[in-house]
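I opened the model to go through its core, its helices and a handful of single residues. The entries below follow the order in which I looked things up.

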Amino acid sequence: MMTRRLVQLFTGLAMYGISLAMFIRAGLGLDPWDVFHQGLANRSGLSIGVVVIAVSFLVLLLWIPLRQMPGFGTLCNAILVGVFADIGLAVIPPITHLAAQIGLLAGAVLVNAVASACYIGAGFGPGARDGLMTGLARRTGWTVRFSRTLIEVTVLAAGWLLGGSVGVGTVVYALAIGPLVHILLPRFMVAASQSSTVKEPSASTC
């Protein structure tokens with residue numbers, strides 16, 4: 001069982017990073033957190049993967065006042081998603097044909113949903129950004145939905161001001177990812193005793 005959980009965790013995180021690269025190459029807009037990551041990458045000159053890793057650990061610092069404890073999967077998430085995002089960008093060429101962009105966007109949403117279900121279902125702890133959302137909700141008494149909306153509107157606005165890509169892909173992701181993860185998650189749930197499962201999938205489960 002542990003072997004399956006580990007394989008599922010690492011597969012999910014690798015797919016998540018690759019899906020980020022697919023979104024970027026599609027060029028039709030990113031999810032809120034990745035708009036922020038891309039904006040920072042554009043301004044700093046760092047790769048998107050390095051920025052994803054750096055932001056992950058900065059967000060984990062915000063867990064301290066929220067009294068959140070990271071799990072093994074949380075730390076793996078913080079590192080591996082960024083690593084595989086850069087690998088994906090090195091492998092996937094830029095796309096300029098609209099039909100190919102739309103196809104790549106659709107594929108990115110599906111890969112991201114499967115990836116999210118894989119690593120959440122493995123039960124090794126939430127990603128840094130999801131932990132921030134749930135920790136904020138627990139400490140303030142706000143709903144998870146309100147906490148998620150507040151955080152993602154903030155990072156989306158900041159990312160857009162920094163030059164991140166906002167477009168139809170941003171809207172498609174926001175509308176599709178929750179229902180898709182809801183459908184897929186039971187198929188990837190390894191054990192019912194896992195306490196780290198996120199009940200309401202975020203628009204960015206990274």
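Which residues have the most contacts inside the largest nonpolar core? I found Leu-9, Phe-23, Trp-33, Ile-48 and Val-59, in a core of 53 residues. A nonpolar core here is a set of buried Ala, Val, Leu, Ile, Met, Phe, Trp, Tyr and Cys residues joined through side-chain atoms within 4.5 Å. Buried means under 20% relative accessible area, exposed means over 50%, and partly exposed lies in between, with a 1.4 Å probe and protein chains only.

I noted the ground rules before going on. The model is predicted, with local features needing pLDDT of at least 70, side-chain atom pairs counting only at pLDDT 80 or more, and totals for chains, interfaces and linings using all residues. Residues are numbered from 1 along each chain as its sequence is written, and side-chain values use heavy atoms, with hydrogens and water left out.

**Core, by helix**

I listed the helices that feed the core of 53 residues. At least two residues each come from α1, α2 (32-44), α3, α4, α5, α6 (128-140), α7 (144-161) and α8 (168-188). The largest share, 12 residues, is supplied by α5. Helices are DSSP runs (H or I, at least four residues), numbered from the N terminus.

**Helix α3**

I checked the length of α3 first. Its 19 residues should span 27 Å at 1.5 Å a residue, and the end C-alpha atoms are 27 Å apart, so the two agree. The expected span is 1.5 Å times one less than the number of residues.

The buried residues of α3 are Ile-48, Gly-49, Val-51, Val-52, Val-55, Ser-56, Val-59, Leu-60, Trp-63 and Leu-66. They pack against α1, α2, α4 and α6. For Val-59 I looked up the contacts (heavy atoms within 4.5 Å). Beyond four places in sequence, Val-59 is in contact with Trp-33, Ala-128, Arg-129 and Leu-132.

After α3 comes Arg-67, in the loop between α3 (48-66) and α4 (72-91). Arg-67 has a positive phi, near 60°, although it is not glycine. Most residues other than glycine have a negative phi. I put Arg-67 down as exposed because its relative accessibility is 64%.

**Helix α6**

The same length check on α6 gave 18 Å expected for 13 residues at 1.5 Å a residue, and 18 Å between its end C-alpha atoms, which agrees. Buried in α6 are Ala-128, Arg-129, Asp-130, Gly-131, Leu-132, Met-133, Gly-135, Leu-136 and Ala-137. Their cover includes α2, α3, α4, α5 and α7. Gly-141 follows α6 with a positive phi, near 85°.

**Helix α4 and the surface patch**

Which residues make the nonpolar surface patch of about 490 Å²? I recorded Phe-57, Leu-75, Ile-79, Val-83, Ile-87 and Val-91. Patch residues have over 30% relative accessible area and no salt bridge, and nonpolar side chains (Val, Leu, Ile, Met, Phe, Trp, Tyr) are joined within 5 Å. A salt bridge is a side-chain nitrogen of Lys or Arg within 4 Å of a carboxyl oxygen of Asp or Glu. Areas come from the Shrake-Rupley method with a 1.4 Å probe, and for residues only the protein chains shown count as cover.

With 5 residues, α4 gives the most to the patch. Val-83 is in α4, and its relative accessibility of 33% makes it partly exposed.

Phe-72 is also in α4. At 42% relative accessibility, Phe-72 counts as partly exposed. Outside four places in sequence, Phe-72 is in contact with Leu-6, Leu-9, Phe-10 and Phe-124.

**Three more residues**

Is Gly-12 buried or exposed? Gly-12 is buried, at a relative accessible area of 0%. Gly-12 sits in helix α1 (residues 2-26) and, past its neighbours within four places, is in contact with Ala-115, Cys-118 and Tyr-119.

Gln-101 belongs to helix α5 (residues 98-122). I entered Gln-101 as buried because its relative accessibility is 12%. Not counting residues up to four places away, Gln-101 touches Ala-26, Gly-27, Leu-28, Ile-95 and Thr-96.

Ser-147 is in helix α7, buried at 0% relative accessible area. With residues up to four places away set aside, Ser-147 touches Met-133, Leu-136, Ala-137 and Trp-142. Ser-147 and Thr-170 are 23 residues apart along the chain, and their C-alpha atoms are separated by 19 Å.

Key
Patch = residues over 30% accessible without salt bridge, like charges linked within 9 Å, V, L, I, M, F, W, Y side chains within 5 Å.
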